[in-house]
Amino acid sequence: SRGDEGRAVLLGIRPEHVMLSDGPGTLPLTVRTVENTGAEVHIRGFCGDGIMTLVARPPATTRPGADTAIRLDPSHCLFFDAGTEERLRALRAVPA
């Protein structure tokens with residue numbers, strides 16, 4: 001995506017701050033893998049042109065190949081310059 005001054009930026013967020021969700025303010029996710037570890041379910045999927053990982057609590061009702069939606073906790077979003085991979089401290093996520 002494009003950040004301030006037209007530069008490309010990367011989004012960084014920890015898997016525990018990404019949630020399965022629906023409704024406004026969500027992003028589409030095509031599930032690639034679902035791994036139940038007992039206490040957690042690790043879900044990886046395609047979101048836009050990237051891969052997103054999230055950690056859910058059982059029972060997670062999704063399966064590989066499913067189309068679902070995710071919500072990011074904007075207070076935990078970090079942004080990086082796509083060229084240098086340096087963190088951009090001035091950018092903040094705005095809740096939808």
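This is a walk through a predicted model, from its sheet to its core and then to its loops.

Let us begin with the sheet. Five strands make up an open sheet, in the order 2-6-3-4-5, and their pairing is antiparallel. At the edges stand strand 2 and strand 5, each of which pairs on one side only. If you follow the sheet across, the twist averages 45 degrees from one strand to the next.

Now take the pairs one at a time, starting at the strand 2 edge. Strand 2 pairs with strand 6 in the antiparallel sense, over 3 bridges. To find this pairing in the model, look for M19, whose bridge partner in strand 6 is R71. Strand 6 is joined in turn to strand 3, again antiparallel, by 4 bridges. Here L27 can guide you, with I70 in strand 6 as its bridge partner.

The next step across the sheet brings us to strand 3 (27–36) and strand 4 (41–47). These two pair in the antiparallel sense over 6 bridges. Two positions help to place them: N36 has V41 in strand 4 as its bridge partner, and T33 stands opposite R44 of strand 4. The two strands also form a hairpin, with 4 residues between them. In the turn of that hairpin you will find G38, which has a positive phi of about 105 degrees.

One more step takes us to the other edge. Strand 4 and strand 5 pair over 7 bridges in the antiparallel sense, and H42 has V55 in strand 5 as its bridge partner. This pair is a hairpin too, with 2 residues between the strands. The turn includes G48, whose phi is positive at about 65 degrees.

Strand 4 deserves a second look, this time for its side chains. Which of them point to the buried face? The side chains alternate along the strand: V41, I43, G45 and C47 point to one face and are buried. H42, R44 and F46 point to the other face and are not buried.

I43 leads us on to the core. The largest nonpolar core has 17 residues, and those that touch the most other members are V18, L29, I43, M52, L54, I70 and L72. Strand 3, strand 4, strand 5 and strand 6 each give two or more residues to this core. M52 is a good place to see how parts of the chain come together. Leaving aside neighbours within four places in sequence, M52 is in contact with I13, V18, L29, I43, R44, G45, C47, I70 and L72.

From here we can turn to the loops. The one between strand 5 (50–56) and strand 6 (67–72) holds P59, and the peptide bond from P58 to P59 is cis, with omega near -5 degrees. T62 is found in this loop between strand 5 and strand 6 as well. Is T62 buried or exposed? T62 counts as buried because its relative accessible area is 15%, under the 20% cut-off. Beyond four places in sequence, its contacts are L20, V31, V34, I43 and T68.

R57 also sits in the loop between strand 5 and strand 6, and with R57 we come to the salt bridge. The structure holds 1 salt bridge. It joins R57 to E40, with the closest N and O atoms 3.8 Å apart. E40 lies in the loop between strand 3 and strand 4, so the pair links distant parts of the chain, 17 residues apart. How accessible are the two partners? R57 counts as exposed, at 61% relative accessibility, while E40 is partly exposed, with a relative accessible area of 26%.

Another loop worth visiting runs between strand 1 (9–12) and strand 2 (18–20), and H17 lies in it. H17 counts as buried because its relative accessibility is 19%, which is under the 20% cut-off. Not counting residues up to four places away in sequence, H17 touches R71, L72, D73 and H76.

The last stop is E85, in the segment after strand 7 (78–81). Its phi is near 65 degrees, a positive value in a residue other than glycine. E85 is exposed, with a relative accessible area of 58%.

How values were computed: Residues numbered from 1 in each chain as written. Predicted model: local features only at pLDDT ≥ 70, side-chain atom pairs only at ≥ 80, totals over all residues. Heavy atoms only, no water. Buried < 20%, exposed > 50% of the residue type's maximum accessible area, 1.4 Å probe, protein only. Contact = heavy atoms within 4.5 Å. Salt bridge = Lys/Arg side-chain N within 4 Å of Asp/Glu carboxyl O. Pairing = 2+ DSSP bridges. Core = buried A, V, L, I, M, F, W, Y, C linked by side-chain atoms within 4.5 Å. Axes fitted to C-alpha atoms, helices over the stretch in contact; angles between N-to-C directions.
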